[in-house]
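Reader: I have a structure to go through and would like the main points. Can we start with the sheet?
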Amino acid sequence: MELMRRKEAWNITYTHALGETASWFYTQIRDNAKIYGRRCASTGRVLVPPRSFSDQTLQPTTEWVEVGPGGRIEAFSITYEQFQNLPEPPYAFGYVLLDGADTALGGFFKGVDLKDPRKASEKLKIGTRVITKFAENRTGDVLDFWFEPA
Amino acid sequence: MSGDRVGIIGIGQSKFTARRDDASYPDLVREAVVTAMNDAGLTFDDLQGVVYSLSPDAMVGIGNAERLGVDAVGAGNKRFLRINTGGATGISSVAAAYYHIASGACDVVLTAGADKVGECGDSQTVLNKIWDPTYERQLPLGTINMLAMSGVRYMNVYGMTEEDMALVTVKNRRQAYLNPNAHLRTLVTVEDVFASRYICWPLKLLDCCPQSSGGGAMVLASEKFIKDRKLEAVWITGLAHCSETYWLGDRMGRNPEADHADAFALGRSFQRAYKMAGITDPFKQVHVAELYAPFSNTEYHSIDAAGFAERGASVAMMREGQFELGGRLPVNPSGGTLCTNAIAVTAMIRVAEVALQVWGRAGRHQVKGARVGIASGNGGDHQFFGTMVVEA
């Protein structure tokens, strides 16, 4: 027998509130091209991206600390496959421990030729020093900055 | 533990494929349920509760699909609970069924579910939505690049190579070839893996699990019920969960509590399950393992976390063939998650397969003489880990 199919696409819109902590963080990125973390008073850990509380102590974080713009690569990925509603490949992103931070921040890597996967993976290997770059026109978002090999 | 154990008395699973155009979502759930109920030799009147195994709704494209599935599991007028811990959902559902019985609330509980990942086709787009919309959604995060980054860190710390990763695929495909329910059953070589295209470095197509459709179901019962009815059973003697932080970037950097190279909380979860089962030396006492590993590289940190090897030592042991069917301690004799991934039930199938093994009913992929097996499931952004010990 003929087996039939029915196609459907979900298109749902959300307007997310970012909250006080992320709003302040993104304001600094937009207005001053600076990245800040939040310090946990009891452990001294500087959490980047900043969070209002520490998952280890469940206490509120108490202090803004400027971090970066230099840092080191902690993890990277280079994607070569196209996924619907995700960027056109190839692209590289991963996590960077910015100077002064205790945890790593996610962001895109740019300034590396991604055509050859193995060569590109050498350029982005763990421990590589990077510098944070900022877009000229910033909106207050993670995409306002990216990392390039220093 | 005598007289108050919880046993597995019935198992059902689909022959997994990319698509099942002959079956609606509830049809697929029912298929596994009927198989498991027939296997147990029970009627729906015997059931006192149902745990519904269903991971992110968008994968099947039906919001809260347990509403639609409730009829397919015969849950009318019975206790009913949906469980979702992402990829760990299936083992969490078995655990919830176990707790219903261990608490004394029920004597017989069914757990069941199904997935149609192959109908989605955009699973990475769905999985991108598991990330925080404030800081991380803007990045094209998905489970593939998340676990590629685990692989990158594992390579960096322990020296795993792309060839080591390929050896896992070759092994698991060879085992899936013997399992009629597995989705990807074609034999492949290391060269085939290297010839497949890069999805996300270092993962190539053949290092990645498929998008599978199919169902799974298990019937659990109290020892008293099993003995009164003179039923056959295997026993869950240890189970646990452990979770860790949402933030991937906290699993690296300066002195992380857990490293994203490893499966830290999976290790903790196994330690808890082993303690409950009285297992002190897993490499000696366990005969078979079904470890949730959707990408070739993640089988290594899962083997480490299961306590079969010092961290990183699983790589050399894999090269020696120790984890092959016929080797010292077969891992994923069914072909594992790498060959079949119907997400809502994948971790349940890990428990089901280990149960079949210690029962001596695994067919062509049977591990000879297996009496003690372990299973695991990983969910969230590598943060929720369920483990189980099953014994004959």
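Author: Yes. This is a predicted model. Chain B has an open sheet of 9 strands, in the order 3-2-4-7-1-8-11-10-9, and the pairing is mixed.

Reader: Which strands stand at the edges?
Author: Strand 3 (79–83) and strand 9 (288–290) of chain B. Each has a single partner strand, so one side of each is left without a neighbour in the sheet.

Reader: What does the twist average from one strand to the next?
Author: The average is 25°.

Reader: Take strand 11 of chain B. How many of its residues are buried?
Author: 8 of the 8, over residues 384–391, so strand 11 of chain B is largely enclosed by the rest of the structure.

Reader: Which residues are on each side?
Author: B:Phe384, B:Gly386, B:Met388 and B:Val390 are on one side, and B:Phe385, B:Thr387, B:Val389 and B:Glu391 are on the other. Both faces are covered. As background, side chains in a regular strand alternate between the two faces of the sheet.

Reader: And how does strand 10 of chain B pair with strand 11 of chain B?
Author: In the antiparallel sense, over 8 bridges, with strand 10 of chain B spanning residues 372–379. B:Gly377 is opposite B:Gly386, and B:Ile374 has B:Val389 as its bridge partner. The two strands form a hairpin with 4 residues between them. In that turn, B:Gly380 has a positive phi of about 70°.

Reader: How many bridges join strand 8 of chain B to strand 11 of chain B?
Author: 8, and the two strands run antiparallel; strand 8 of chain B covers residues 234–243. There B:Gly238 is the bridge partner of B:Val389.

Reader: Which strands does helix 11 of chain B lie across?
Author: Strand 8, strand 10 and strand 11 of chain B. Helix 11 of chain B (residues 264–277) runs at about 145° to strand 8 of chain B. Helix 16 of chain B (residues 343–359) also packs on the sheet, touching several strands, including strand 1 (6–13), strand 10 and strand 11 of chain B. The direction of helix 16 of chain B makes about 175° with that of strand 10 of chain B.

Reader: Switching to helix pairs. At what angle do helix 7 and helix 13 of chain B cross?
Author: Roughly 60°, with the axes coming within 9 Å. Helix 7 of chain B (residues 143–158) and helix 13 of chain B (residues 296–305) are therefore oblique to each other. Their crossing is left-handed.

Reader: Which residues make the contact?
Author: Helix 7 of chain B gives B:Leu147, B:Ser150, B:Gly151 and B:Tyr154, and helix 13 of chain B gives B:Asn297, B:Thr298, B:Tyr300 and B:His301. By class, that contact has 3 nonpolar, 5 polar and no charged residues.

Reader: Now the other chain. How many residues does the contact take from chain A and from chain B?
Author: 38 residues from chain A and 35 residues from chain B. On the side of chain A that touches chain B, strand 4 of chain A has the largest share, 6 residues. That side divides into 22 nonpolar, 9 polar and 7 charged.

Reader: Which strand of chain B is joined to strand 4 of chain A?
Author: Strand 5 of chain B (residues 198–201), by 2 bridges, running antiparallel. A:Thr79 has B:Cys200 as its bridge partner.

Note on methods: Residues numbered from 1 in each chain as written. Chains lettered and ligands numbered in written order. Predicted model: local features only at pLDDT ≥ 70, side-chain atom pairs only at ≥ 80, totals over all residues. Contact = placed C-beta atoms within 7 Å. Nonpolar A, V, L, I, M, F, W, Y, C, P; charged D, E, K, R; others polar. Pairing = 2+ DSSP bridges. Buried ≥ 20, exposed ≤ 12 C-beta atoms within 10 Å, placed from the backbone. Axes fitted to C-alpha atoms, helices over the stretch in contact; angles between N-to-C directions. Parallel < 35°, antiparallel > 145°, perpendicular 65-115°, else oblique. Left-handed = near helix turned anticlockwise from the far one by under 90°.
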